[in-house]
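Work through the exercises below with the sequence and the model in view. Try each task before reading its solution.

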Amino acid sequence: MVRPDLKARLRATDRLDMNTITSPLPFEQSPTALAGPERDVLLKDPGFGRYLTDHMVTIRYSKGAGWHDGKVVARAPLTLDPATMSLHYGQEIFEGLKAYRMPDGGAALFRPDANAARFYKSAERLAMAPLPEALFLESVRALVKADRDWIPEGEGAAMYLRPFMIATEVGFVTKPAAEYLYCVLASPVGSYFSGGPKAVKLWVSETYTRAAPGGTGAAKCAGNYAASYAAQAEGSANGCDQVVFLDAVERRWVEELGGMNVFFVFDDGTLQTPPLSGTILPGVTRDSLITLARGMGLTVREEPYAMDQWQADAKSGRLREAFACGTAAVVTPIGTVTGKQHDFAIGTGAPGELTLRLKGMLTDIQFGRAPDPYGWMDRLF
Ligand SMILES: *Cc1c(COP(=O)(O)O)cnc(C)c1O
């Protein structure tokens, strides 16, 4: 919980800040920008997060000056004092969203306002200066426009945007920093899983948990990922692709994967997903799929689901499908689930029918192939 007085202070500075940023953000052409033909070769098979575009956005914050010096510049290494606070105490938050190539050659972002709002909340939880949502939106739009030729074409391909913020004050004092750097990077990405959606094998972590009540589970902060890697290594050692975490109190309820939310599909056509209890990251993909499924007339319950129940339902056939979702991989079918006390397959182990249907509906909107009834697409050009 952010203390109310801290919250009031952050909001007050946040109002003052917008005045010191010029709009549109000043743009500096990158002197090392890749020539068209070289770039186009990389775009044919971009992989995931392998290449970065020519530019980046940087905006600085300091107590007193507020948010200032916002610009689009050539992407270049950062110079940081080794005593920079984020390197020691972990004040770092990030976001992930995509810009899609439209059928007419234009481009659009998917629900960037949702990412802006979540970034604000993550900052509050980590006691960092929250970036005004309007600045977040302007920064991602400016970078996509600057590097518009980097948006790949083709099935499942997009430009992945990575806004992030670090504490840049220097010193060993343990306190919220008074200076921050906000930065946005962009990377052309192909389909997360080349060769179509493959059902993943999950490892049930009993040794580790991801988030505890009152902790940072609902914030998109670097520390959550660092804390999940030991569990991920245990999963890999047991032949699994991803880890599914249980709640930290009872070790009984299914929460989410290290970077994706989970859904269950039952034989009566209903869906269920764990509720946003404060220990789960509120995924934009999760929210969008709930909206799409309800729009189809399906029942979606946001209710806890016990790990033992999942196994019993999978074995009895009451549970038909299960999938994970997030911006990077969109919708990923879950094939098998293994742990010290669990071992079962979902359906036939192949991607489920409703799973693929929901994925198709979502990606049709994102790629501009279907109407956008919820006003999710932010058309840039
Ligand atoms: C980012 C993230 C998700 C997915 O969120 P989206 O907004 O759908 O990309 C789910 N869980 C965790 C832990 C995450 O960090």
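**Exercise 1: Contacts of the ligand**

Task. Which atom of the ligand does a polar side-chain atom of T285 approach, and at what distance? Look at Y225 and T327 in the same way.

Solution. The model is a predicted one. Start with T285: a polar atom of its side chain is 2.6 Å from an oxygen atom of the ligand. Next take Y225, where a polar side-chain atom also lies 2.6 Å from a ligand oxygen. Then turn to T327, which has an N or O atom in its side chain 2.6 Å from an oxygen atom of the ligand. A polar contact is a pair of N or O atoms within 3.5 Å, so the pair at T327, at 2.6 Å, meets the cut-off.

**Exercise 2: Surroundings of the ligand**

Task. How much of the ligand does the protein bury, and which residues come nearest?

Solution. Taken alone, the ligand exposes 380 Å², and the protein buries 97% of that. The ligand takes up the space of the largest pocket. Around the ligand are 15 residues, of which K220, Y225, E256, T285 and T327 come nearest. Sorted by type, the shell holds four nonpolar, seven polar and four charged residues.

**Exercise 3: The overall fold**

Task. How many helices and strands does the protein have, and how does its radius of gyration compare with the globule rule?

Solution. Counting gives nine helices and 17 strands. The radius of gyration is 21 Å, close to the 21 Å from the globule rule for 381 residues, so the protein is as compact as a globular protein of that length. The C-alpha trace spans about 60 × 50 × 40 Å along its principal axes.

**Exercise 4: Two backbone exceptions**

Task. Where are P24 and R251 found?

Solution. Most residues other than glycine have a negative phi, and most peptide bonds are trans. P24 is in the loop between α1 (4–17) and α2 (36–44), and a cis peptide bond joins S23 to P24, with omega about 0 degrees. R251 is in the loop between β9 (242–246) and β10 (254–257); its phi is positive, near 50 degrees.

Definitions and conventions:
Residues are numbered from 1 along each chain as its sequence is written. This is a predicted model: local features need pLDDT of at least 70, side-chain atom pairs count only at pLDDT 80 or more; totals for chains, interfaces and linings use all residues. Side-chain values use heavy atoms; hydrogens and water are left out. A residue is near a molecule or strand if one of its heavy atoms lies within 4 Å of it. A polar contact is a pair of N or O atoms within 3.5 Å; within protein, one must be able to donate a hydrogen and the other to accept it, and residues adjacent in sequence count only if both atoms are side-chain atoms. Accessible areas come from the Shrake-Rupley method with a 1.4 Å probe; for residues, only the protein chains shown count as cover. On a 1 Å grid over the protein atoms alone, a cavity is a set of points where a 1.4 Å probe fits but cannot get out, and a pocket is an open set with protein on both sides within 12 Å along at least five of seven lines; lining residues have an atom within 4 Å of a point. A molecule sits in a cavity or pocket if more than half of its atoms lie within 2 Å of its grid points. Ala, Val, Leu, Ile, Met, Phe, Trp, Tyr, Cys and Pro count as nonpolar, Asp, Glu, Lys and Arg as charged, and the others, Gly among them, as polar. Helices (H or I, at least four residues) and strands (E, at least two) are DSSP runs, numbered from the N terminus. The radius of gyration is taken over C-alpha atoms; the globule rule is 2.2 Å times the number of residues to the power 0.38.
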